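Subject: Handing over a structure

Hello,

As promised, here is the structure for you to open and look around in. My notes on what turned up follow below.

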Amino acid sequence: MVEFNRQSETAAPWAWNDLQRNEPLETRPLEMFLHDEPPAPAPTPTPHQAGFALVLPRSLRAQMIEHAGRWVTHEQAGIRLGRAYQDPRGFQFTVLAAALPVEDAEASIAQVKMRAAAWPAIWKGLQQNPGQQIIGWYHSHPGYGIFLSATDRTTQNAYFAAPWQVAVVVDPVRGEFGVFAGCDPDPVPDAAIFSVA
Ligand SMILES: [Zn+2]
């Protein structure tokens, strides 16, 4: 379970909506991001039924599991940065990039709380990654599998409701991860996840 706290506990000027950069998406064909995939020709994009595809650098796939695996007795959580685009064929896609671990997340075996006190660090992370936006969040389920709990769904709906915003769930014990997209999120199938170098 991950609970975000929208209310700032201090008088910090950070508001969640200010951290999000939800301006209209740039239009780019998905294939533009698949070119570094030799020697096979670029696959035909197959956005899933909700009209969404994910571009996932291989290094990040490994890193997600490795990071979560360092603390298998505690849930890990953080913000995912990246960039979302509109494909001319009408679907949206997200290119996953850096992770911003929420360092002061209050972690226990079954619960992570991201407090508003973490927002300044997220703001700093955004400034250190120019051109990136908050494309979602991630957290771990050490040993209990890939799904979104009712609380996880509430979090997604409240904070990451754009169709191109994702929830990444990692199970470091089983070595599995899953991606869920949009408001009322459903799993993004493998066919709509494009690995790139
Ligand atoms: Zn969860």
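**Where to be careful**

Over residues 39–43, pLDDT stays under 50, and the model has six contacts beyond four places in sequence for this stretch. Please keep in mind that this is a predicted model. A second stretch, residues 107–112, also stays under a pLDDT of 50, with 15 contacts beyond four places in sequence. Where pLDDT is low, the predicted coordinates should not be read in detail. For the chain as a whole, the mean pLDDT is 77, and 73% of the residues reach 70 or more. Strand E2 (residues 26–27) has the highest confidence, with a mean of 94, while strand E6 (residues 106–107) has the lowest, at 51.

**The overall picture**

The chain has four helices and 12 strands. Of its 197 residues, 36% are buried. Among the contacts with a separation of 6 or more, 75% join residues 24 or more positions apart.

**The core**

The largest nonpolar core holds 38 residues, and those touching the most other members are Phe52, Ala53, Leu54, Phe93, Val166, Ala167 and Val168. At least two residues of this core come from each of strands E3 (52–57), E4 (77–86), E5 (92–101), E8 (133–140), E9 (166–171) and E10 (176–181). In soluble globular proteins, nonpolar side chains tend to be buried together.

Two of these core residues are good places to start. Leaving aside neighbours within four places in sequence, Phe93 is in contact with Leu30, Phe52, Ala53, Leu54, Val55, Tyr85 and Asp87. The other, Ala167, is found in strand E9. Why does Ala167 count as buried? Because it has 25 C-beta neighbours inside 10 Å, and 20 or more are enough for a residue to be called buried. Not counting residues up to four places away in sequence, Ala167 touches Gly136, Trp137, Leu148, Asp152, Gln156, Phe160, Phe180 and Pro185.

**One face of a helix**

Two of the residues that Ala167 touches, Asp152 and Gln156, are also among the buried residues of helix H4 (residues 150–159), together with Thr155 and Tyr159. These four cover an arc of only 95 degrees around the axis, so they sit on the same side of H4. On the other side of H4, Ala150 and Ala158 are exposed.

**Two hairpins in a row**

Strands E9 and E10 pair in the antiparallel sense over six bridges, with Val170 opposite Phe177 in E10. The two strands form a hairpin with four residues between them, and Gly175 in the turn has a positive phi of about 70 degrees.

E10 also pairs with strand E11 (residues 186–187), again in the antiparallel sense, over two bridges. Here Ala181 has Asp186 in E11 as its bridge partner. This hairpin has four residues between its strands too, and Gly182 in the turn has a positive phi of about 80 degrees. From Gly182 back to Ala167 is 15 residues in sequence and 8.3 Å in space, C-alpha to C-alpha.

One last residue deserves a look: Asp184, in the loop between E10 and E11. Its phi is near 50 degrees, a positive value in a residue other than glycine. Most residues other than glycine have a negative phi. Asp184 is exposed, with 10 other C-beta atoms within 10 Å.

Enjoy exploring, and do write back with any questions.

Best wishes

Technical notes
Residues numbered from 1 in each chain as written. pLDDT = per-residue confidence, 0-100. Contact = placed C-beta atoms within 7 Å. Core = buried A, V, L, I, M, F, W, Y, C linked by C-beta atoms within 7 Å. Buried ≥ 20, exposed ≤ 12 C-beta atoms within 10 Å, placed from the backbone. Pairing = 2+ DSSP bridges. Arc of directions from axis to C-beta.
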